[in-house]
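Trainee: Got a minute to go through this one with me? I'd like to talk about how the chains meet.

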Amino acid sequence: MSAPRRVVVVGGGVTGWSTAAALKRRVPLLDVTILPLAPPAEALADRIATTLPSIFGFHDDLGLGLDDTVLRTGSAYRLGTLFRDWVQGQPDYVHAYARHGEGMGSAPFHQLWIRAALAGTAPPFDTFSAAAAMARAGRFVLPNGDGPFGAHGVGLTLDLPRYTAMLVAFARHVGVRSQEGALAGVERDAVGSIAAVVLGDGTRLTADLYADCSGPAALLHGLLDAPREDWRGWLRCDRLVLEDLVPPPADLPVLEQVTATARGWQWTGAMQRGAVYREAEGNARGGAIAFDAGASIEPWRHNVVAIGDAAVTIEPLEWSNLHLAHSAIDRLIAMLPAGAPHPLERAEYNRQALAEARRVRDFVLLHYVTARRDEPFWRDMAEMPLPDSLAHTLRLFRARGRLPFYEEETFDRDSWLAVLLGQGVLPRHLDPLVDSVPPAEAARAMAAFQTAIAQAIHPLPTPAGFRAAQARHLYERA
Amino acid sequence: MAGRPSLRVVIVGGGTSGWMAAAALARLLPGRCSLHLIESEAIGVIGVGEATLPHIRGFVERLGIREADFMAWTRGTFKLGIEFRDWGKIGDSYVHPFGTFGRGKGDVDFHHYWTRLRRAGVAVPPLEHFSYACMLARGNRFDLPATDPDKLASTYGYAYQFDALLFAPYLRRIAEGLGARRTEGKVVEVLRDGASGNITAVRLEDGQAIQGDLFIDCSGFRSLLLGEALAEPFEDWNHWLPADRAVAMPCRTETAVTPYTSAIAMPAGWRWRIPLQHRTGNGYVYASAFTTDEDAARALTGAVEGAPLADPRPLRFRAGRRRRSWAHNCVAIGLASGFLEPLESTSIYLVQQAITALIELFPDSAKCAIERDEFNRLIDMEYDRIRDFLILHYHATTRTDTDFWNYVRTMTVPDSLAEKIELFRRAGRVVKYREGVFLDASWIAVYIGQGIEPEGYDPRADLPDATMLTRSMQALHGEIAATVAQVPEHLHYIDRYCAMAAAA
């Protein structure tokens, strides 16, 4: 067999259409057909409207601008998440996708902040993130210039039906073929690869490579007996209740509000609200979606690549669901075989995918294990044994305020710090490099930094004002 | 800082590692430690004329050293990369640059487009013609990189080649200026605490015991504290890197003072050539299983370009590392922690990484299990990645002219390396690291330079029209050649920037 040229994508949610559109747009010589099965309720990557800043990179690679992806689809900008009640007695905190403060000399900012916090004189950590402060003040700008608002990350809350419609139109425009129908069966060949996908009317779709975007049921990939890693011992929530806000709030909130509850957490965003929890025995709530946290150890097996919930299922805390799907798409494109596919290429793909998924798991789990609440659910959480990588991270941070480096990390140092310091985890010892900066000098610089942020926020528009100006600009150009 | 315990740090061994550690700790951790370095003039220093990697510049800068001053003092020259001669086969030559190929932008690396045209039968120039750093090196030219990222002249970094025997004294001056103490003497005994196993003091020949909380073992190959006293096991990599001896001999420079180091393959190993301002350092790294010391010395003497400035000096070593570089309260830095032959100039880099990690993880007391584990994790990662990269140079060869080359060509390599080679061979893919010393361009340079040409390439490289692609490659080729021609000659640049003082 030579290099794969024909691809069949199974699944018609955001994940399936994103996969088909990206493959055809970025590798036009591929022949891409999609079987757009309606996404099941359990497919979180297709159902959760809140996304991370990486979605802009995904759009850029497709050549899609803000006009198409944001303004015409009615999606909302977002700057981060506000966490409330995760630690009793601690104020709420914002995890924004941006840098905190400025280091001084060879001393990193967070170490200077920790020194002040240990001395009891530090304002909350998130007050040193310009993006978090802007979000709390109810203002919004896209990153621009060299000032405090030059480099913050912005995510989107998608209006899912309109966004999907935009992707469908784009995918068709770039040459993705859509084959309507129901999945009736799957044919396998002698080595176990998929030979064809058979539709209800008997049509056979054949391809060199199949992308399974059908959700957690993994209609193709699930037939291949790929081993799966079970995370339920760590991530113990197993139910999701999801509700669309109709109509969405007019003021377009730029922060999701995520509040801890007795057995999980609940949130309100710009398009949706919902709750994630561990189901109590014999106390099932109607309408809840059940999910099992875990990841496939071989998301690429034989000639099938699982993308989205078919590969990894994780609760939406920190909104990584669609991000992991985008990342899988990018990785697949970067590693498309140049000749006959080889097991090593799959192994390398799988190694990266699993490493990435595990660190996202660690980051989500971090919220639970550093929370402090009295309910039995939370007390159990605080005591459970952790995955090695998270245990090492926490051990090192608690000792030194230092974060270890891992390859394939999704959330950067500032994100880890936002949650750790936001939840009141303070290290026992400081980085000795802070010695070179006298505390009074650091305090002055920190105060000046906060003043500069406050001044910079003052003239900024509200999110709705920003959007209206953008829309006017678009209209004038048209 | 008031109230913080100050650790008594004892460094055993001067030389490059010892004085680098002393200067950096004195500079960056004032008040956190007192420094006491013990060295013996009776024990020789290994420094054989050092070539470095671009990371050294960060180290020099953090110490507040002025580059020109430091280069004049150590008679240093600039280094844009390493030239490898006769590795893939006799007659080959390629440069591993401290820079990228092509413009270094875009989703798909330049070498995929280059491979596409080659496989389509288009007569494209060798890959190194598309590297600004390689072409500067080949032209014996040097200038500092441009800061504008749109300029071709921004697509490289640089390092130094300097006299290591002058580097240590330079750092010693700094360290002593910042309060480090030095004691002349030989360590004859290492005293340990019976309960914890920690080192409490080292006793010198004259009977005095020097006490400390943290001990830094910079004693070189002997690994006096970590290896001998604490008996940390040595992980031997000799079967992959069979070179275990070297003979070094400086000579007068008769050819060019090149802005690069050369590594020339030899019958049982390879020979370095490091041009400094006042002389050229040479050495033959060889495997004693495949040649004799006499033959090696003869081969080196016969190969060097000018009159010898000293007698050939023999060195012995073994490739590998201590299982842990930090055990108990003892951190080994440099040769005391492990050895990888200087084929890719990684010795000082490893010292620097260990010092940086130690500073960032500097403990408050001798109880430091967490810091130690993280330190060891970081250092192991560095060693393991460099190891694979070095093995690649030996293994990717078609040479059959000696038993040595037959051995390394056919030996079993670590799985981690075999997989990397196969991924590149199939489609030009380089296993991505976000961190680590050698990134994509380095691996590409060695793969292509030693004849591992990819059979395929990223399918996206097929997107541009072939004629347009050929034309833009020709344009880039011309632009690099024209830009390089404007750059000053290496020696002229040195004369202007950092000429050494006239010989005393």
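Trainee: What's the count of salt bridges between chain A and chain B?

Mentor: Seven between chain A and chain B. Keep in mind that this is a predicted model.

Trainee: Which side chain does A:Glu407 meet in a salt bridge?

Mentor: That of B:Arg385, at 3.2 Å from N to O.

Trainee: OK, zooming out. How many residues are in contact across the two chains?

Mentor: On chain A it's 37 residues, in contact with 40 residues of chain B. The area buried between the chains is about 3,400 Å², and carbon and sulfur atoms give 54% of that.

Trainee: Which residues in chain A lose the most area to chain B?

Mentor: A:Arg400, A:Arg402 and A:Phe405, which together make up 18% of what that side buries.

Trainee: Switching to helices. At what angle do H11 of chain A and H10 of chain B pack?

Mentor: About 125°, with the axes 10 Å apart. H11 covers residues 388-400 of chain A, and H10 covers residues 369-395 of chain B. Because of that angle, H11(A) counts as oblique to H10(B).

Trainee: And is the crossing of H11(A) and H10(B) left-handed or right-handed?

Mentor: The crossing is left-handed.

Trainee: Which residues make that contact?

Mentor: From H11(A), you have A:His392, A:Arg395, A:Leu396, A:Ala399 and A:Arg400. H10(B) brings B:Ile370, B:Glu371, B:Asp373, B:Glu374 and B:Arg377.

Trainee: How do they divide into nonpolar, polar and charged?

Mentor: Six are charged, three nonpolar and one polar.

Definitions and conventions:
Residues are numbered from 1 along each chain as its sequence is written. Chains are lettered from A and ligands numbered from 1 in the order in which they are written. This is a predicted model: local features need pLDDT of at least 70, side-chain atom pairs count only at pLDDT 80 or more; totals for chains, interfaces and linings use all residues. Side-chain values use heavy atoms; hydrogens and water are left out. Axes are lines fitted to C-alpha atoms, for helices over the stretch in contact, and angles run from 0 to 180 degrees between N-to-C directions. Helices (H or I, at least four residues) and strands (E, at least two) are DSSP runs, numbered from the N terminus. Angles under 35 degrees count as roughly parallel, over 145 as roughly antiparallel, 65 to 115 as roughly perpendicular and the rest as oblique. A crossing is left-handed if the near helix is turned anticlockwise from the far one by less than a right angle, and right-handed if clockwise. Contact means heavy atoms within 4.5 Å. Ala, Val, Leu, Ile, Met, Phe, Trp, Tyr, Cys and Pro count as nonpolar, Asp, Glu, Lys and Arg as charged, and the others, Gly among them, as polar. Buried area is the accessible area (1.4 Å probe) that two parts lose on being put together, summed over both. A salt bridge is a side-chain nitrogen of Lys or Arg within 4 Å of a carboxyl oxygen of Asp or Glu.
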